[in-house]
Amino acid sequence: MKNTLKGKIVIHSHESTVLKSNPLGDSFIRDVVVYLPPEYSHSYSKGYITVFMLAGFGGNGRSLLNSDPLGEDIESRMNRLISEGKCGPMILVMVDCFTRFGGNQYINSSATGMYEDYITQEIVPFVDQNYNTSSHSVLGKSSGGYGALMLGMRYPEVFHGLVDHSGDAAFEYCYLPDFPKALEAFRTAGNSPRKWLEEFWNKPNRHRKEDAAALNVLAMAAHYSPNPRSELGVDLPFRLDTGEILDDVWSRWLAWDPARIVRKYTHNLKKLKLVFIDCGIKDEFNLQWGARIIHSKFDNIGIKHYYEEFDDGHSNISYRYDTSLPKIYSELS
């Protein structure tokens, strides 16, 4: 059996200034999980390509380390890729942006906190100060994929490459189907999203399928249509009594839809060394359509990018890292 080189996991407890005033009262002391490649050296002249990894909805940085008896955690995967010569040594940074709304879209919001600033102004400099880094890439899947695309194309001076695995896009396809489910859930709490959220966090089992849509809609509203004067600090995109879509709020959501706004970031995207998009053709949230729209628009505006479709769905897609991580190394080296 071929020997597998071993990297090292270091977990920092980082006290954030940016998150101290977050409106949800979520912890401003967060773990920053760092994977160091085998034989990491602070004196390595080239420095190490550093990948900032964003968890999907419901996850945090430590989630990527979870042991999977049917799969492979990120530490084992990176060790294997390096040992097999498929990827050079890189630093991986797993960022914790979990919120009381169940996740994060990695953009600033008056309803959740300034997580975009947290990553770009605190976590990236923190890692650069403590480790021998060279260039940066940002990678994520699902909500993390959305965050990677948004941060990559908005901050080309910070990130030199982006990887979007099945990220949220084409909001009419991925979010609208959840609206009726969320409405029914809020109805059980007297049409009060606040009461529903309080009841959710008091449940012994928070992984029930029937709760997922309501939590997701609240979280997306917190990012795309925050309003400090509204209940929970968010404007929902529909009337709670009838379900009628509120066009003014829905339009605020669409203003954050990558499928609609990538053209605005053409200049920034052309600065990146790697733009990587993929999707599963059986995605349960219809995200293949958003990926196809973005792929087409990238072609139309002349953005060099890597695009692939897989014969799978939305879950259990970390095997795709076998493609994206070596691609980051080859393109940013």
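Trainee: Let's start with Arg154: what is its relative accessible area?
Mentor: Keep in mind that we're looking at a predicted model. Buried would call for under 20% and exposed for over 50%. Arg154 falls in the partly exposed class, and its relative accessible area is 24%.

Trainee: Which residue does Arg154 form a salt bridge with?
Mentor: The closest N and O atoms of the pair are 2.9 Å apart, and the cut-off is 4 Å, so the contact qualifies. The two ends sit in distant parts of the chain, helix α3 for Arg154 and helix α2 (residues 115-130) for the partner, 38 residues apart. The partner is buried, with a relative accessible area of 2%. The residue that forms the salt bridge with Arg154 is Glu116.

Trainee: How many salt bridges does the count come to?
Mentor: Arg154 with Glu116 is one pair, and Arg77 with Asp322 is another. By the rule of a Lys or Arg side-chain nitrogen within 4 Å of an Asp or Glu carboxyl oxygen, the count comes to 19.

Trainee: How many residues apart are Arg77 and Asp322?
Mentor: Their side chains meet in a salt bridge at 2.7 Å, N to O. Arg77 is buried at 5% relative accessible area, whereas Asp322 is partly exposed at 28%. The pair links distant parts of the chain, with Arg77 in helix α1 (residues 74-83), Asp322 in helix α12, and a separation of 245 residues.

Trainee: Which residues are linked with Arg77 and Asp322 in a network of salt bridges?
Mentor: One more pair to look at is Glu84 with Arg80, whose side chains meet at 3.3 Å, N to O. Glu84 is partly exposed at 35% relative accessibility, and Arg80 is buried at 17%. Besides Arg77 and Asp322, the network takes in Glu72, Arg80, Glu84 and Lys86.

Trainee: Over to the backbone: what is phi of Glu39 near?
Mentor: Most residues other than glycine have a negative phi. Glu39 goes the other way with a positive value. Glu39 is found in the loop between β2 (29-36) and β3 (48-54), and counts as exposed at 76% relative accessibility. Its phi is near 60°.

Trainee: Ser142 has a positive phi too, but is Ser142 buried or exposed?
Mentor: Its phi is about 60°, although Ser142 is not a glycine. Its place is in the loop between β7 (133-141) and α3 (143-154). With a relative accessible area of 16%, and with under 20% as the cut-off, Ser142 is buried.

Trainee: Which elements do the buried residues of α8 pack against?
Mentor: In α8 (residues 247-254), the buried ones are Val249, Trp250, Trp253 and Leu254. Seen down the helix axis, they fall within an arc of 145°, so they line one face of the helix. The elements they pack against are α4 (171-174), α5 (179-187), α7 (209-224) and α9 (258-261).

Trainee: And where does Thr112 lie?
Mentor: Thr112 counts as buried, at 0% relative accessibility. Leaving aside neighbours within four places in sequence, its contacts are Asn22, Pro23, Leu24, Thr99, Phe101, Ala222 and His223. Thr112 lies in the loop between β5 (108-109) and β6 (113-114).

Trainee: What about voids: how much space lies in the largest cavity?
Mentor: The structure holds one cavity of 30 Å³ or more. Among the residues lining the largest cavity are Leu149, Asp164, Asp168, Ile277 and Ile294, while β9 and α11 (287-301) each supply at least two lining residues. The lining splits into five nonpolar, one polar and three charged residues. The space in the largest cavity is about 30 Å³.

Trainee: How many charged residues are in the lining of the second largest pocket?
Mentor: About 170 Å³ of space lies in that pocket. Of its 13 lining residues, the closest to the centre are Lys273, Leu274, Val275, Lys304 and His305, and the elements giving two or more residues are β9 (274-280) and α12 (321-332). Six residues of the lining are nonpolar and two polar, and the number of charged ones is five.

Methods:
Residues are numbered from 1 along each chain as its sequence is written. This is a predicted model: local features need pLDDT of at least 70, side-chain atom pairs count only at pLDDT 80 or more; totals for chains, interfaces and linings use all residues. Side-chain values use heavy atoms; hydrogens and water are left out. On a 1 Å grid over the protein atoms alone, a cavity is a set of points where a 1.4 Å probe fits but cannot get out, and a pocket is an open set with protein on both sides within 12 Å along at least five of seven lines; lining residues have an atom within 4 Å of a point. Grid points are joined across faces, edges and corners, and a volume is the space filled by probe spheres set on the points. Helices (H or I, at least four residues) and strands (E, at least two) are DSSP runs, numbered from the N terminus. Ala, Val, Leu, Ile, Met, Phe, Trp, Tyr, Cys and Pro count as nonpolar, Asp, Glu, Lys and Arg as charged, and the others, Gly among them, as polar. Buried means under 20% relative accessible area, exposed over 50%, partly exposed in between (1.4 Å probe, protein chains only). The arc is that of the directions from the helix axis to the C-beta atoms. Contact means heavy atoms within 4.5 Å.
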